[in-house]
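I opened a fresh page to note what I looked up in this structure. Here are my entries, in the order I made them.

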Amino acid sequence: MYIICALITIPVGILGYFVIPGTVDQPNRWVVNDHDIDVARKRLESSGHVLHGRMKFGHITKTLLGFPFWTVVTTDILFWNAGIHKNTASFLLWIKSLGPGRYSPARINELGTIAPALGIAYTLIACFASDMFLGPAWSITWCSIFNATGLLVLTIWKVPESALWFGFATMYWSNALSSVFHGWVNNLLRDSPEERSFTLVLINLLSQSSTAWTPLLTFPTVEAPRYRKGYSFCLGCAIGLILFTWTMHFYLKRDKRQKDGPADIETDRPDNTTSDGSIELHGSDKVTVDSKIAAVRVTRLTKPEPEDETRRRE
C-alpha cells in the first residue's frame, strides 16, 4: 500500500508541473499565455484582490492581536478535530469486529475504501455547491450537518448494523469542506497579501498540531471500535464548527460594511444634512443652515420686485 502510494506521487508531481497554471506573479507558461494572465489580473484587481505586498513586523502584530484571526484559528481547529475519527482506523476495526471469518483481510481492506471513495464525491458536491449557489458559510454548514448526523449515530452505537454502515460512510463529509473553508479565508483576506499568507500558514500550523494529541486522548485503542469519547468529541467539534462559521461570517460581514461605508451620502442622509446642522455638498465645503438662509434673505432684499401688471396699465 505504501509503495503504491509513493509511486503514484511521482507521475502526479510531473503532471502537475505541466498542468497547474500557477499564479499571476508566477504563471506556468506551458499552460497560460499573456492574454490569460492579463484577464486573470484584471479579474483579481476588480474584486479588490491585492497581488503585491511586503511582510513587516507590524503586519504580524496586527494579525495576532485581531479578533478575526483567532476566530479563523478556532474554526480551523474545530474543522480538523471534527474529522479525526476517519484517521484512527475506526472503520476497519469495526468491520473486523463484526465476526471472525465474516470477511477476509483482503475484503476488509476493500470495504475500508468505501468512505474515502465517497469522500471524492462529497468534496466535489461541496465545492461546486459553494461556488454556484450556496456560498462558503452554507456549504460548510451542510457538510458539518451531514458529518454530525453520522457521528450522532456512532455516538449512540446501539443501532442496527445498517445505520452504523451509514455513520461510517459519512465520515468524509468532514474533509469535504477543506477547500471551501481555506478558499474562503483566502478571499476574506484578499486586500492584504501579507496577512493572507501569514494567516493561512499559521492557522494550519496550529490546527494540525492540535490533532497530534487529541486522538491519543479521545480514541484510545482499548476502546476500539466503540470509541465513546472519540465520536462524542468529534460530534461536539462538528457542532462548534457550525457556530463559529456563522460567527465569523457575520463578524466579517459587519466589519466589511464598517470599512466600506455607504456608497453615496445621499443614500445615507436624503436631505444632505449632517449632524451639526450643516449642508454638505459634493466637492464643496460645509455651509451652515443659518448662513444659507441669510444668503437667501439678502438675495431677496437686493433683487427688485417685479411691478404689478395692473399698475403698469395705469
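**Entry 1: sorting residues by class.** Before reading any lining, I fixed my classes: Ala, Val, Leu, Ile, Met, Phe, Trp, Tyr, Cys and Pro count as nonpolar, Asp, Glu, Lys and Arg as charged, and the others, Gly among them, as polar. I also noted that this is a predicted model. With those classes, the lining of the second largest pocket sorts into eight nonpolar, five polar and one charged residues.

**Entry 2: the second largest pocket.** I looked up its volume and found about 250 Å³ of space. Its lining has 14 residues, and those nearest the centre are Leu 92, Gly 112, Thr 113, Pro 116 and Tyr 172. Two or more lining residues come from each of α5 (90-97) and α7 (114-134). Which element gives the most to this lining? I found that α5 does, with three residues.

**Entry 3: the chain as a whole.** I stepped back to count elements, and the protein chain has 17 helices and two strands. Of its 314 residues, 34% count as buried. I then checked contacts between residues at least 6 apart in sequence, and 66% of them join residues at least 24 apart.

**Entry 4: a look at α7.** I picked Gly 119, which sits in helix α7. Buried or exposed, I asked of Gly 119? Gly 119 counts as buried because its relative accessibility is 6%, and the cut-off for buried is under 20%. I also took one distance here: from Gly 119 to Ser 174 is 8.9 Å, C-alpha to C-alpha, while the two are 55 residues apart in sequence.

**Entry 5: helix α8.** This helix runs over residues 136-156. I compared its span with expectation: its 21 residues reach 30 Å from first C-alpha to last, close to the 30 Å expected at 1.5 Å a residue. I listed its buried residues, among them Ala 137, Ile 140, Cys 143, Ser 144, Ala 148, Leu 151 and Leu 154. A reminder to myself: an α-helix has 3.6 residues a turn, so residues three or four places apart point the same way.

Next I zoomed in on Ser 139, which belongs to α8. Ser 139 counts as buried because its relative accessibility is 1%. Leaving out residues up to four places away in sequence, Ser 139 touches Ala 126, Ser 130, Leu 134 and Val 180.

**Entry 6: Asn 147.** I stayed in α8 for this one, since Asn 147 lies in that helix too. Why does Asn 147 count as buried? Its relative accessibility is 2%, so Asn 147 goes into the buried class. I then asked what its side chain meets, and one of its polar atoms lies 3.2 Å from the backbone oxygen of Ala 82. Ala 82 is also among the residues Asn 147 touches beyond four places in sequence, together with His 85, Thr 170, Met 171, Trp 173, Ser 174 and Ala 238.

**Entry 7: the cavity.** How many cavities of 30 Å³ or more are there? My count came to one. The largest cavity holds about 30 Å³ of space. I was pleased to meet Asn 147 again in its lining, alongside Phe 79, Ala 82, Ser 144, Ser 174, Leu 177, Ala 238 and Leu 241. The elements giving two or more residues to that lining are α8 and α14 (228-260). By class, I get five nonpolar, three polar and no charged residues.

**Entry 8: backbone oddities.** I ended with the torsions. Trp 157, just after α8, has a positive phi of about 70°, although Trp 157 is not a glycine. Trp 157 sits in the loop between α8 and α9 (161-169). With a relative accessible area of 15%, Trp 157 is buried.

The loop between α13 (214-218) and α14 gave me two more notes, beginning with Pro 225. The peptide bond from Ala 224 to Pro 225 is cis, with omega near -5°. Tyr 227 is in that loop as well, and Tyr 227 has a positive phi of about 50° without being a glycine. Tyr 227 counts as buried because its relative accessibility is 2%.

Definitions and conventions: Residues are numbered from 1 along each chain as its sequence is written. This is a predicted model: local features need pLDDT of at least 70, side-chain atom pairs count only at pLDDT 80 or more; totals for chains, interfaces and linings use all residues. Side-chain values use heavy atoms; hydrogens and water are left out. On a 1 Å grid over the protein atoms alone, a cavity is a set of points where a 1.4 Å probe fits but cannot get out, and a pocket is an open set with protein on both sides within 12 Å along at least five of seven lines; lining residues have an atom within 4 Å of a point. Grid points are joined across faces, edges and corners, and a volume is the space filled by probe spheres set on the points. Helices (H or I, at least four residues) and strands (E, at least two) are DSSP runs, numbered from the N terminus. Buried means under 20% relative accessible area, exposed over 50%, partly exposed in between (1.4 Å probe, protein chains only). A polar contact is a pair of N or O atoms within 3.5 Å; within protein, one must be able to donate a hydrogen and the other to accept it, and residues adjacent in sequence count only if both atoms are side-chain atoms. Contact means heavy atoms within 4.5 Å. The expected span of a helix is 1.5 Å times one less than its number of residues.
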